Amino acid sequence: MFRKLLLFLLLLPLASTAHAQDSGIGWLVTFFNTADLTGPVAGTRNTPFLSVDFNANQSFNPAGVNRNRFSLRAQTQQQFAAGTYTFTASGTDGVRVYVDGNLLINDFASGEFETRTDTIFLDESVHVVSVEFFSDGVGAARVDVNWALEIAPPPPRPGLSLPGAQVATGTMRGAEGLSVRTGPYLGASRIDIIGPGESYPVFARNLDEGEFTWYLISIQESVDATDPETGETTTEFIGVPTIGWVSGRYFLLDVPQEQVPVVSSVFEGLLSPPATGVQGVTTSNLRLRRGPSYRTETLVILDWGADVEILSRTTQARQNHWYQVNHRGTIGWVFAPFVRPLDNVSAVPEY
């Protein structure tokens, strides 16, 4: 069973982003003079970076803690990047590994040297890692617990840029709110929402969705300042502008739309994206469309249970919205709720 013990522990409360073969920092270790984490606490230690062999390092256990038959609970908070991690625990005697209170590795019994691994997907945030260990007092007492990032986070979503100078002004009307998206499609990722009555600079248009024209606009926070002497009010823009596409269905221009130049979007360039190896299966008969919108034409109808490779994705409200998939050499877009991923989609590029 678990025979090797390396707990890498530092005094700092939080770690930097975890990397391959990381074992964390900022561990608090609590000791018990029993082999099952019961009874009163026998001692605690905030431990610096250290390789622990309990038999060789007799000073590791605080005063009052048994030198052979004991148990401990070690806990740390770590900042993780999004991705799939493999946790590994190796050594003698018993070890459990928890992530955010969820039991991941469970081998809490005496035995010979063994190694146990398991994988878990973690979002980009701080997660609590806990380790429980006991020594039965027979033979060596060592354990090694670490983790490695197996699936890297997706590449950053491509930023939008303005093709030139402002050519028009548009105003949102006829709805309570209008989504601003990364591309000129209903299924493109939503990045903001604008309200009625406000006007925005317009830089370009796109006709690819077919039913409605989409406009590329800029949104920027502003403050009005009044000169106390002249009473003149000026508008000052602050921060970095948000650039995105809005549907012309609820967006009116102050000039004829023919005066607005037509430009392409990043979606129109995604004809042959690189393979990802991320597989999925459809959970309904499903239309494979040319773009991420039901307003684009259907390329083929996929059967229920069709195998697909997921190549790209869009998101809305932090949920996958549309998937770009490859089905037997045909590449198109499907509505994400009707595809069940067989692999983790965190590394699939988002647009």
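## Arg 96 at the centre of a charge network

Arg 96 has a relative accessible area of 21%, so this residue counts as partly exposed. The cut-off for buried is under 20%. The model is predicted.

Arg 96 pairs with Glu 132 in a salt bridge, and their closest N and O atoms are 2.8 Å apart. Arg 96 belongs to strand E5 (residues 94-99) and Glu 132 to strand E8, so the bridge ties together parts 36 residues apart in sequence. What else does the charged end of Arg 96 meet? It sits over the ring of Phe 108, 3.8 Å from the ring centre. Arg 96 therefore has a salt bridge to Glu 132 and a charge-over-ring placement at Phe 108.

## The second arginine on Glu 132

Glu 132 also forms a salt bridge with Arg 73, at 3.2 Å from N to O. This pair, too, links distant parts of the chain. Glu 132 is in strand E8 (residues 125-136), Arg 73 is in strand E3 (residues 69-80), and 59 residues separate them. Together, Arg 73, Arg 96 and Glu 132 make up a network of salt bridges.

Is Glu 132 buried or exposed? Its relative accessibility is 8%, under the 20% limit, so Glu 132 counts as buried. Arg 73 is partly exposed, with a relative accessible area of 29%. Arg 96 is partly exposed as well, at 21%. The network thus joins a buried acid to two partly exposed arginines.

## Other salt bridges

How many salt bridges does the model hold? The count is eight. Side chains of opposite charge can pair when their charged atoms come close.

Another of these bridges joins Glu 297 and Arg 290, at 2.7 Å from N to O. Glu 297 is partly exposed, with 42% relative accessibility. Arg 290 is partly exposed at 31%.

## Aromatic pairs

The whole structure contains 12 aromatic pairs. Phe 31 and Phe 70 form one of them. Their ring centres are 6.5 Å apart and their planes meet at 45°, so the pair is tilted. Phe 31 lies in strand E1 (residues 28-32) and Phe 70 in strand E3, 39 residues apart, and the pair links distant parts of the chain. Strand E3 also holds Arg 73. Phe 31 has a relative accessible area of 0% and is buried. Phe 70 is buried too, at 0%.

Phe 335 and Phe 338 form another tilted pair, 6.0 Å from centre to centre with 45° between the planes. Phe 335 is partly exposed at 31% relative accessibility. Phe 338 is partly exposed, with 36% relative accessible area. So the pair of Phe 31 and Phe 70 is buried, whereas the rings of Phe 335 and Phe 338 belong to partly exposed residues.

Which residues form one aromatic cluster? They are Phe 80, Tyr 85, Phe 87 and Trp 147.

## Thr 171 and its surroundings

Thr 171 is in strand E10 (residues 168-172). Its relative accessible area is 10%, so Thr 171 counts as buried. Its side chain makes a polar contact with the side chain of Ser 199, at 2.9 Å.

Which residues does Thr 171 touch, leaving aside those up to four places away in sequence? They are Gly 197, Glu 198, Ser 199, Tyr 250, Phe 251 and Leu 252. Ser 199 is thus both a touching residue and a polar partner.

## Ser 272 in a loop

Ser 272 lies in the loop between strand E18 (251-253) and strand E19 (279-282). Its relative accessible area is 68%, over the 50% limit, so Ser 272 counts as exposed. The C-alpha atoms of Ser 272 and Thr 330 are 9.9 Å apart, while 58 residues separate the two along the chain.

## The protein as a whole

The protein has 25 strands and zero helices. Of its 351 residues, 45% count as buried. Glu 132, Phe 31, Phe 70 and Thr 171 are among the buried residues.

Among contacts with a separation of 6 or more, 69% involve residues 24 or more positions apart. The links from Glu 132 to Arg 73 and from Phe 31 to Phe 70 join residues 59 and 39 positions apart. The protein exposes about 17000 Å². Carbon and sulfur atoms supply 50% of that area.

Note on methods
Residues numbered from 1 in each chain as written. Predicted model: local features only at pLDDT ≥ 70, side-chain atom pairs only at ≥ 80, totals over all residues. Heavy atoms only, no water. Salt bridge = Lys/Arg side-chain N within 4 Å of Asp/Glu carboxyl O. Helix = DSSP H or I, 4+ residues; strand = E, 2+ residues; numbered from the N terminus. Buried < 20%, exposed > 50% of the residue type's maximum accessible area, 1.4 Å probe, protein only. Phe/Tyr/Trp six-rings, centres within 6.5 Å; stacked < 30°, edge-to-face > 60°. Lys NZ or Arg CZ within 6 Å of the ring centre and 35° of its normal. Polar contact = N/O pair within 3.5 Å; in protein donor to acceptor, adjacent residues only side chain to side chain. Contact = heavy atoms within 4.5 Å. Areas by Shrake-Rupley, 256 points an atom, 1.4 Å probe, with all protein chains shown as cover.
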